[in-house]
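Work through the exercises below with the sequence and the model open. Each task is followed by a solution in steps.

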Amino acid sequence: MTNNCDTCPIHNTESLRKLGVNMNTYDFVIALAGNPNVGKSTVFNNITGLRQHTGNWPGKTVVRAEGGFSFSGKRYKVVDLPGTYSLLSLTTDEEVARDFILFGRPDVTVVVIDATRLERNLNLALQVLQITDRVVICVNLIDEAKRKGIVIDQRTLSRELGVPVILTAARQNTGMKDLLNSIHDVATGKYICKPFRIRNEPNKLKKAIDKLSTQLESEYNDLPNARWIAMRLLEGDRRIISALKNDEFKKFVNENNIKQNQTL
Amino acid sequence: MNIEKENRIESILKNANNLRWEIDEDFHDSIIEALYQDANRIADKSIIKSDKQPRFNVDRAIDRIVTSRLWGFPIMLLLLSIIFWVTIEGANVPSAFLFSILIDTFHPALKSFGTTVGFPWWLNGFLFDGAYLAMAWVISVMLPPMAIFFPIFTLLEDYGYLPRVAFNMDSLFRKVGAHGKMALTMAMGYGCNAAGIVATRIIDSPRERLIAIITNNFSLCNGRWPTQILIASIFIGTLAPAHFAGIISAAAVVSVVLIGIAFVFIVSFGLSKTILKGETSAFSLELPPYRPPRILRTLYTSLIDRTLIVLWRAVIFAIPAGVVIWLLSNISIADQSIAQYLISFMNPFGLLLGLNGVILLAYIIAIPANEIVIPTVLMLTVLVTGMAGIGSGTGVIFELNSTADTALILQAGGWTILTGINLMLFSLLHNPCSTTLYTIYRETKSVKWTTISAVLPILLGFIVCFFVALIWKLF
């Protein structure tokens, strides 16, 4: 007889266990990304039961914090990344965030965005969608948005972005169970993301990227996102160029790949 | 890397360079533009209802006052003074309560327990007069002010006031060639300098980040607040009528904070004109909406996480330091303890700075943790002046129930108001603690900058104390 409880979403939402930092083994790695001061650390604290310092100013989290929870029988490790406005320029905190999303290859990247500043926050979300497929968008601070008379159409946003969108107010504990369900669905492959990608790349650019990425892939067989790296090379990204010259890609992957470190 | 691979990578890079010529020059901009357009389009589609101006905008109204040219700074000072005043006034009662339990009750009980069990005198002294008393002192002096200061500060932070401070200070920082975000890292430094130094990662330019790292030490940290508050109450508060004492002491501490901020500007200016020359970079700072703090949650978090963690660190460092103090004052060579030798050796230099040998020795013993400077000073003073009837034996860190008693001891040890003032200044201007220095090294990966961060403040401390003493003696 099959256990119906396992497939019932109501049962699953009751099975959250906050594991704090006590994570020895885990099934999935979750990254939390987003603009500064949108409540990433609050979401992090809410699902891990940890008390990472939060405060109402941009730039509190400068190093990545790690914690964990278990949900629906799977164990998740959560990494709270520094808040950034973009992934395309090169400040230390942006580098930490970008390197982890690109080289750490989290199973799900949760992009936390501010409901009251949707347009600007979407810039970063779109950049993340160019790098990785498995994304859940967490539109946080809907309570503040409501006060300002802003209502967000969850379905339209989700359809446009091609990934799950959840409306939350992490401080009030609103929507967190839905968020966990979505993370679970994406991590286990129940929800297949079809992320929004920039269309209408000029033909020449597309060809150039194709050429370079093939070359890169033949050199490094486990490169996370060769097309994205190829584009950075075309733009003359100094960090990526010097990483290539000094053969540091392996190092990047190792530094950021907490799954691999676990087995060492 | 072998040569073959090197060649292949060289060819990838060359390829990238060649391809770059083939594609449009401004393709980076066009990609970013495309992203922005998409973001705009998707946002427009997904926002159902948005009345741009719903009603009276409270945030804007508050900002107009707290970031105004006229009121910005006075409001900052007023808030700061209120926080200190509440901390100083509020900490007295719980401090006295903790003393009576930990020191008046537990300490004699532990000693007599040691005697009953049959510990030799040195073990009894080592354990209970050294390690236990240092720990008890740190807990009773530090816990109450921290338990008041941290929650208030955190509430202000959660409400969203800190970015407004940064906004107010930005133009000043720009004038001295530093980064406006330094106001935020400075604010972190008021909690703990090591944390402040890690926080400088939010500053992009390496030059401005180094300035922020070197000057972070001028933000008084947790370990130094109690010193400042105690010395201010003893030497400056007692000059005023009793009911004003709290306000006057708070004003003295605020002055030290302001002197610290002045040094941040002076040193930043000096650095950016000499060894760290360069342009000031522009940055955008978001003023987040004011968010009503969740008071109970904040109280809980700041008590459990901030207060107890800082306290724990202090206790960890206080125990070995207590042992060192006990040993220094109990091991004697030719009738004089090592502590006495060291003090008389450093005394002339100390007096020149308007301090004394005791203070200098206390600072050396307390390098790992600034928190224990004051107990060490008191203990060493008693040792040198040989006052009878106070304290409970050689090398025992003790505490007195009233600041008046403490003042009596210090005056017997040759302390004057000058010593008090210079101790406050020296506590502001001296090398960072060992944890902070290690953090600076880890963040800069440079022995040179770590050395500069250590030597520069202590030199400044010597110079400032020397001139204050000189001017004091002239008048």
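**Exercise 1. A salt bridge in chain A**

With which residue does A:K77 form a salt bridge, and how far apart are the closest N and O atoms?

Solution. The model is a predicted one.

Step 1. The partner of A:K77 is A:E66, and the closest N and O atoms are 3.4 Å apart. The cut-off for a salt bridge is 4 Å between a side-chain nitrogen of Lys or Arg and a carboxyl oxygen of Asp or Glu, so a distance under that limit qualifies.

Step 2. Place the two residues. A:K77 sits in strand β4 (residues 74–80) of chain A and A:E66 in strand β3 (residues 65–71) of chain A; the two are 11 residues apart, and the pair links distant parts of the chain.

Step 3. Check the accessibility of each end. A:K77 has a relative accessible area of 11% and is therefore buried. A:E66, with 27%, is partly exposed.

**Exercise 2. A second pair in chain A**

Determine whether the residues of the salt bridge between A:D99 and A:R98 are buried or exposed.

Solution.

Step 1. The side chains of A:D99 and A:R98 meet at 3.9 Å, N to O.

Step 2. Residues under 20% relative accessible area count as buried. A:D99 is at 6%, so A:D99 is buried. A:R98 is at 1%, so A:R98 is buried too.

Step 3. For context, the structure holds 15 salt bridges over all chains.

**Exercise 3. The surroundings of B:R207**

Describe the position of B:R207 and list what its side chain reaches.

Solution.

Step 1. B:R207 belongs to helix α9 (residues 206–215) of chain B. Its relative accessible area is 12%, so B:R207 is buried.

Step 2. The side chain of B:R207 comes to 3.0 Å from the backbone oxygen of B:G177.

Step 3. B:E208 forms a salt bridge with B:R207, with 3.4 Å between the closest N and O atoms. Both B:E208 and B:R207 are buried. Side chains of opposite charge can pair when their charged atoms come close.

Step 4. Leaving aside residues up to four places away in sequence, B:R207 touches B:G177, B:S272, B:L276, B:K277, B:G278, B:E279 and B:T280.

**Exercise 4. The interface of chain B and chain A**

How many residues of each chain are in contact, and what area is buried between them?

Solution.

Step 1. The contact joins 63 residues of chain B to 62 residues of chain A. The area buried between the two chains is about 6,000 Å², and carbon and sulfur atoms give 60% of that area. In chain B, the residues that lose the most area to chain A are B:I12, B:E286 and B:R291, together 12% of what that side buries.

Step 2. Count the polar links. There are 7 residue pairs in polar contact between chain B and chain A, both residues being at pLDDT 80 or more. On the side of chain B that touches chain A, α2(B) gives the most, with 15 residues. By class, that side has 35 nonpolar, 8 polar and 20 charged residues.

Step 3. Count the salt bridges. The rule finds 2 across the interface. One involves A:E160 and B:K45, whose closest N and O atoms are 2.6 Å apart. A network of salt bridges links A:E160, B:D38, B:R41 and B:K45.

**Exercise 5. Helix α6 of chain A**

Which residues of helix α6 (residues 154–161) of chain A are buried, and what covers them?

Solution.

Step 1. The buried residues are A:T156, A:L157, A:S158, A:E160 and A:L161.

Step 2. Their cover includes α4 (118–131), β6 (135–140), β7 (150–152) and β8 (165–167) of chain A, together with α2 of chain B.

Step 3. Look at the two ends. At the start of α6(A), a side-chain oxygen of A:D153 reaches to within 3.2 Å of the backbone nitrogen of A:R155. After the helix comes A:G162, with a positive phi near 75°.

**Exercise 6. Two residues with positive phi**

Compare the settings of A:L141 and B:K445: is each buried or exposed?

Solution.

Step 1. Most residues other than glycine have a negative phi. A:L141, not a glycine, has a positive phi of about 65°. B:K445 has a positive phi near 55°.

Step 2. A:L141 lies in the loop between β6 and α5 (142–147) of chain A. B:K445 lies in the loop between α18 (434–444) and α19 (447–474) of chain B.

Step 3. A:L141 is buried, at 6% relative accessibility, whereas B:K445 is exposed, with a relative accessible area of 64%.

How values were computed: Residues are numbered from 1 along each chain as its sequence is written. Chains are lettered from A and ligands numbered from 1 in the order in which they are written. This is a predicted model: local features need pLDDT of at least 70, side-chain atom pairs count only at pLDDT 80 or more; totals for chains, interfaces and linings use all residues. Side-chain values use heavy atoms; hydrogens and water are left out. Contact means heavy atoms within 4.5 Å. Buried area is the accessible area (1.4 Å probe) that two parts lose on being put together, summed over both. A polar contact is a pair of N or O atoms within 3.5 Å; within protein, one must be able to donate a hydrogen and the other to accept it, and residues adjacent in sequence count only if both atoms are side-chain atoms. Helices (H or I, at least four residues) and strands (E, at least two) are DSSP runs, numbered from the N terminus. Ala, Val, Leu, Ile, Met, Phe, Trp, Tyr, Cys and Pro count as nonpolar, Asp, Glu, Lys and Arg as charged, and the others, Gly among them, as polar. Buried means under 20% relative accessible area, exposed over 50%, partly exposed in between (1.4 Å probe, protein chains only).
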